[in-house]
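Here are some friendly notes to read with the structure open beside you. Take the points one at a time and find each place in the model as you go.

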Amino acid sequence: MGVYLNPGNEGFREAVSSEIYVDKTGLIAQTNKYINTLQKYICVSRPRRFGKSIALQMLAAYYSCSCDSAELFQGRRIEGDETFRKHLNKYDVIYLNMQQFLIRAKKQDVTDYLEQVVLDEIREVYGEYFSPQETILAAALEKIYIKTKKKFIFLVDEWDCVMRERQESEALQKQYLDFLRNLLKDQTYVALAYMTGILPVKKYGMHSALNMFTEYSMTDQKALEEYTGFTEEEVMALCERFDMDFARAGSWYDGYLFTRFRHIYNPRSVVEAMLCHRFSSYWTMTETYDALKVYIDMDFDGLRSDIVQMLGGGRVQINTRSFQNDMRNFRTKDDVLTLLVHLGYLAYDSEASEVFVPNKEIIGEFENAMSVGGWTEVMRVLKESEKLLADTLAGDGDSVAQALDRAHAEVASVLTYNDENSLACAIGLAYYSARRDYRLVREFPAGKGFADIVFLPLPHTGKPALVVELKYDRSVSSAIQQIKDRRYTQVFEGYTGELLLVGITYNKENPNKPHSCIIEKMACQGM
């Protein structure tokens with residue numbers, strides 16, 4: 001058992017021995033399908049703290065021939081799979097944490113350092129099969145395979161750290177990509193190569209060194225969707241076990257979605273919330289908000305407007321195909337937004353080709369990034385949102401209209417009203433603080449249509465529910481009447497508590513008082 005060759009199962013043993021371990025061993029059934037096939041090259045990219053390293057430790061424990069891991073997988077999902085025994089502890093595993101190599105290499109070339117230390121370990125086991133003077137890892141593995149027919153499984157963690165932390169050095173990046181290509185591509189000694197990182201691998205200018213890999217990224221996780229984070233069922237079970245409110249867990253950490261699994265939760269934050277028995281920002285505390293600020297402050301036409309629109313609860317159309325999969329070369333605002341998807345700051349709906357801010361935790365991170373400069377007008381709107389909500393709950397329509405007039409004047413330079421959709425984004429931004437006690441849903445199916453915005457109170461807040469109807473260049477009374485005529489309140493069937501009907505209009509012909517608001521209260525008795 002070594003550090004790089006067959007690291008054993010201690011890392012996975014710690015994971016399953018922890019107070020919280022969510023069974024993701026079903027991933028092994030997927031990787032087993034690809035061993036010794038053309039699909040054996042797998043690159044899984046996810047945001048930081050989304051369980052990438054734990055997945056690698058699990059794969060190392062399962063495949064490595066240096067240990068017996070049967071008891072660690074007893075009762076786990078993979079145990080019932082027909083391939084479980086076939087591959088259990090049957091392979092030599094080479095485990096490479098690129099972040100460690102980058103740190104330890106210091107002034108030495110990172111790939112030279114890697115080959116030196118990994119070869120030293122391999123030489124202890126297989127030194128009889130290659131020359132003592134051999135300095136090239138791929139050449140040594142070729143000779144081992146020729147003489148023993150042994151194949152290796154490669155597990156590569158933080159594969160993209162060179163691209164992220166040496167952004168200015170294209171020469172180093174290309175050298176590193178060439179090293180990986182020579183080590184892995186078309187090599188008969190590779191049974192499986194599983195790499196993880198934050199960025200996908202496909203495009204780095206013209207240097208497509210790793211085009212043999214199938215990418216599983218935040219824009220398309222394919223068959224690995226349920227292993228990207230925690231599923232709704234997994235979080236529900238944890239909330240029941242730790243006596244935590246499931247609805248609040250969703251508002252804080254849900255929001256990432258894929259084709260089949262429409263509710264994926266941030267795993268790091270869910271675990272911390274359960275252990276601390278308190279909902280708060282945990283994932284975002286692992287990195288400074290300066291990283292986000294750099295990207296949202298970029299001067300691409302329309303980027304600021306898109307950010308404001310998403311903070312108001314809206315979605316933005318995006319083309320992810322032009323992104324070059326690095327953190328330096330941006331040509332359009334879509335490239336910046338796509339990077340934010342891979343970093344976890346935005347969620348992506350592949351069916352609609354839209355991005356949005358996924359949850360309360362990430363909204364807070366945007367607020368932190370904007371608070372340090374450059375977003376003064378937006379920050380003023382956010383700070384005044386507390387009073388706006390209080391005026392709404394008090395039924396003070398005139399004060400609400402005046403507050404919306406001020407909010408519109410603040411953000412007019414980045415978010416221009418031109419229809420009810422843009423009005424809805426501005427309203428969502430103005431009611432920013434409501435997210436503490438409410439879940440805001442745009443275009444909510446209700447009655448005979450879709451309510452523009454519904455404010456659903458989180459459990460145990462004691463707040464009334466709100467149905468908001470917006471009209472552009474129409475009378476405010478028509479907004480309230482539409483709520484009643486289309487029976488939007490039917491969505492609250494079974495709800496007992498106060499319900500506010502809020503009609504808001506914008507009249508572009510009245511620059512002195514463009515907004516109007518009427519608020520009606522009604523009691524719900526399980527209607």
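**Notes on two pockets and three helix pairs**

1. Let us begin with the second largest pocket, which has a volume of about 850 Å³. Its lining counts 33 residues, and the ones closest to the centre are Arg49, Phe50, Gly51, Lys52 and Ile54. Please keep in mind throughout that this is a predicted model.

2. Which elements give two or more residues to the lining of the second largest pocket? They are helix 1 (10–17), helix 3 (52–63) and helix 12 (267–276). Helix 3 provides the largest share, with six residues. Sorted by class, the lining of this second largest pocket holds 15 nonpolar, six polar and twelve charged residues.

3. Two of those elements also pack against each other. The axes of helix 1 and helix 3 come within 7 Å, crossing at roughly 120°. Helix 1 and helix 3 are therefore oblique to each other, since an angle over 115 but not over 145 degrees falls in neither the perpendicular nor the antiparallel class. The crossing in which helix 1 passes helix 3 is left-handed.

4. Now zoom in on the residues where they touch. From helix 1 come Gly11, Phe12 and Ala15, and they meet Ile54, Gln57, Met58 and Ala61 of helix 3. This contact of helix 1 with helix 3 has five nonpolar and two polar residues, and no charged ones. Look again at Ile54: it is among the residues closest to the centre of the second largest pocket, and it belongs to the contact with helix 1 too.

5. Helix 3 has another partner to look at. Helix 2 (residues 26–34) packs with helix 3 at an angle of about 65°, the axes being 11 Å apart. That makes helix 2 roughly perpendicular to helix 3, because the perpendicular class runs from 65 to 115 degrees. This crossing of helix 2 and helix 3 is right-handed, whereas helix 1 passes helix 3 in a left-handed one.

6. Which residues make the contact of helix 2 with helix 3? Helix 2 supplies Leu27, Ile28, Thr31 and Asn32, while helix 3 supplies Ala55, Met58, Leu59, Tyr62 and Tyr63. By class, they are seven nonpolar and two polar, with no charged residue. Met58 deserves a second look, as it takes part in this contact and also in the one with helix 1.

7. For a third pair, move along the chain to helix 6 (residues 110–126) and helix 9 (residues 170–184), whose axes come within 9 Å and cross at roughly 30°. Helix 6 and helix 9 are therefore roughly parallel to each other, as angles under 35 degrees count that way. Val110, Thr111, Leu114 and Glu115 in helix 6 touch Leu172, Gln175, Tyr176 and Phe179 in helix 9. This contact of helix 6 with helix 9 contains five nonpolar residues, two polar and one charged.

8. Finally, how much space lies in the largest pocket? The value is about 1,000 Å³. Its lining has 36 residues, with Phe356, Pro358, Arg439, Leu440 and Val441 closest to the centre. Among the elements that give two or more residues to this lining are helix 16 (360–371), helix 19 (420–430), strand 11 (438–446) and strand 12 (449–457). Strand 11 gives the largest share, five residues. The lining of the largest pocket divides into 18 nonpolar, nine polar and nine charged residues.

Technical notes. Residues numbered from 1 in each chain as written. Predicted model: local features only at pLDDT ≥ 70, side-chain atom pairs only at ≥ 80, totals over all residues. Heavy atoms only, no water. 1 Å grid on protein atoms, 1.4 Å probe; cavity = no way out; pocket = protein on both sides within 12 Å on 5 of 7 lines; lining within 4 Å. Points joined across faces, edges and corners; volume = space filled by probe spheres on them. Helix = DSSP H or I, 4+ residues; strand = E, 2+ residues; numbered from the N terminus. Nonpolar A, V, L, I, M, F, W, Y, C, P; charged D, E, K, R; others polar. Axes fitted to C-alpha atoms, helices over the stretch in contact; angles between N-to-C directions. Left-handed = near helix turned anticlockwise from the far one by under 90°. Contact = heavy atoms within 4.5 Å.
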